[in-house]
Amino acid sequence: MTFGKNAPDASPYADEGPYGTPVVHKKAGLTRRGKVAIAVAGVAIVGGGTIWFQVHSAAVAKDEKEAAALQIQMKKLELEEMRIRNEQASTDKKAATASAEKIQAAVDKCVKDSSALTGQGYVPPRSAVVSDCKQQYETTDGSGMQAAGSAQDVSNAGGGEINSTALLGLVAGGALAVAVFARKGKKADM
């Protein structure tokens, strides 16, 4: 019904079908802005991953080089330590040889001095003299101090036994005291 106007009224209900407003089906998918955002994010992830991989590879290579250099340095230090130990062993061997020669010379002198006393009474067998002299001079170089310490502990634990070296010292000290008093006695008589 139109009175004076030829154009129909634009009514909000004009395009309605028998079942209401027609449904407009949109095409599924992303908008243009969404597609651009995903593309930018993908490029950023791939670029960041590539850069991280390069940095990581460089760091691993650097660490491997440092480990190899450290290993070489450790080998050099081991060789230096081995050289020092060999030098110390040769020095110790020379010192032990010199000490053994000194001890042997002292034992020989002791045996020679003891054999000079053969005309003064009791003559001990040569093997007893040699063993006494060896026992007397065996630990004088200091290398057997631990053995001497353990021998000291054993002798103290045994009830105060006197070994042959101590007995020899006591006899020599007693003989010296008797000789000094005898000499003083002769001076007093004169």
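Q: How many helices and how many strands are there in the protein chain?
A: This is a predicted model. Its elements, read from the N terminus on, run α-α-α-α. No β element appears in that run. The count for the protein chain is four helices and zero strands.

Q: In which helix is confidence highest, and in which is it lowest?
A: pLDDT gives the predictor's confidence in each residue, from 0 to 100. The mean for the protein chain is 76. Helix 1 has the highest confidence, at 91, whereas the lowest, at a mean of 47, belongs to helix 3 (residues 145-157). So the names are helix 1 for highest and helix 3 for lowest.

Q: What percentage of the residues of the protein chain reach a pLDDT of 70 or more?
A: The predicted chain has a mean pLDDT of 76. Some residues fall well short: over residues 150-158 the pLDDT is below 50. The share that reaches 70 or more is 64%.

Q: How many contacts does the stretch of residues 150-158 have beyond near neighbours in sequence?
A: A contact needs heavy atoms within 4.5 Å. Residues 150-158 have a pLDDT below 50. Leaving out near neighbours in sequence, the number of contacts in the model is two.

Q: What percentage of the 190 residues of the protein chain count as buried?
A: Buried means under 20% relative accessible area. The chain exposes about 16,800 Å², and carbon and sulfur atoms supply 62% of that area. Of the 190 residues, the buried share is 5%.

Q: Which helix gives the most to the largest nonpolar core?
A: This core has six residues: Ile103, Val107, Cys110, Val111, Val129 and Cys133. Helix 1 and helix 2 (126-137) each supply at least two of them. Four residues come from the top contributor, helix 1.

Q: Is Ala128 of helix 2 buried, partly exposed or exposed?
A: Ala128 sits in helix 2. Its relative accessible area is 25%. Buried would need under 20%, and exposed would need over 50%. Therefore Ala128 is partly exposed.

Q: What distance separates the C-alpha atoms of Ala128 and Val111?
A: Val111 belongs to the largest nonpolar core. Ala128 and Val111 are 17 residues apart along the chain. Their C-alpha atoms are separated by 9.9 Å.

Q: Why are Glu80 and Arg83 separated by about one helical turn?
A: These two residues form a salt bridge, with their closest N and O atoms 2.3 Å apart. Both lie in helix 1 (residues 32-115). They are about one helical turn apart because their spacing in that helix is three residues.

Q: Which residue forms a salt bridge with Glu81?
A: Glu81 is partly exposed, at 39% relative accessible area. Its partner counts as exposed, at 56% relative accessibility. The two are four residues apart in helix 1, so about one helical turn lies between them. With closest N and O atoms 2.7 Å apart, the partner is Arg85.

Q: Which residues do salt bridges with shared partners join into one network?
A: Arg83 forms a salt bridge with Glu80. Glu87 also forms one with Arg83, the closest N and O atoms being 2.4 Å apart. Glu87 and Arg83 are four residues apart in helix 1, about one helical turn. The network is made of Glu80, Arg83 and Glu87.

Q: Are Glu80, Arg83 and Glu87 buried, partly exposed or exposed?
A: Relative accessibility is 34% for Glu80, 37% for Arg83 and 42% for Glu87. Values between 20% and 50% fall in the middle class. So Glu80, Arg83 and Glu87 each count as partly exposed.

Q: How many salt bridges does a search of the whole structure find?
A: Glu80 pairs with Arg83. Glu81 pairs with Arg85, and Glu87 pairs with Arg83. The search of the whole structure finds three.

Notes:
Residues numbered from 1 in each chain as written. Predicted model: local features only at pLDDT ≥ 70, side-chain atom pairs only at ≥ 80, totals over all residues. Heavy atoms only, no water. Salt bridge = Lys/Arg side-chain N within 4 Å of Asp/Glu carboxyl O. Buried < 20%, exposed > 50% of the residue type's maximum accessible area, 1.4 Å probe, protein only. Areas by Shrake-Rupley, 256 points an atom, 1.4 Å probe, with all protein chains shown as cover. Core = buried A, V, L, I, M, F, W, Y, C linked by side-chain atoms within 4.5 Å.
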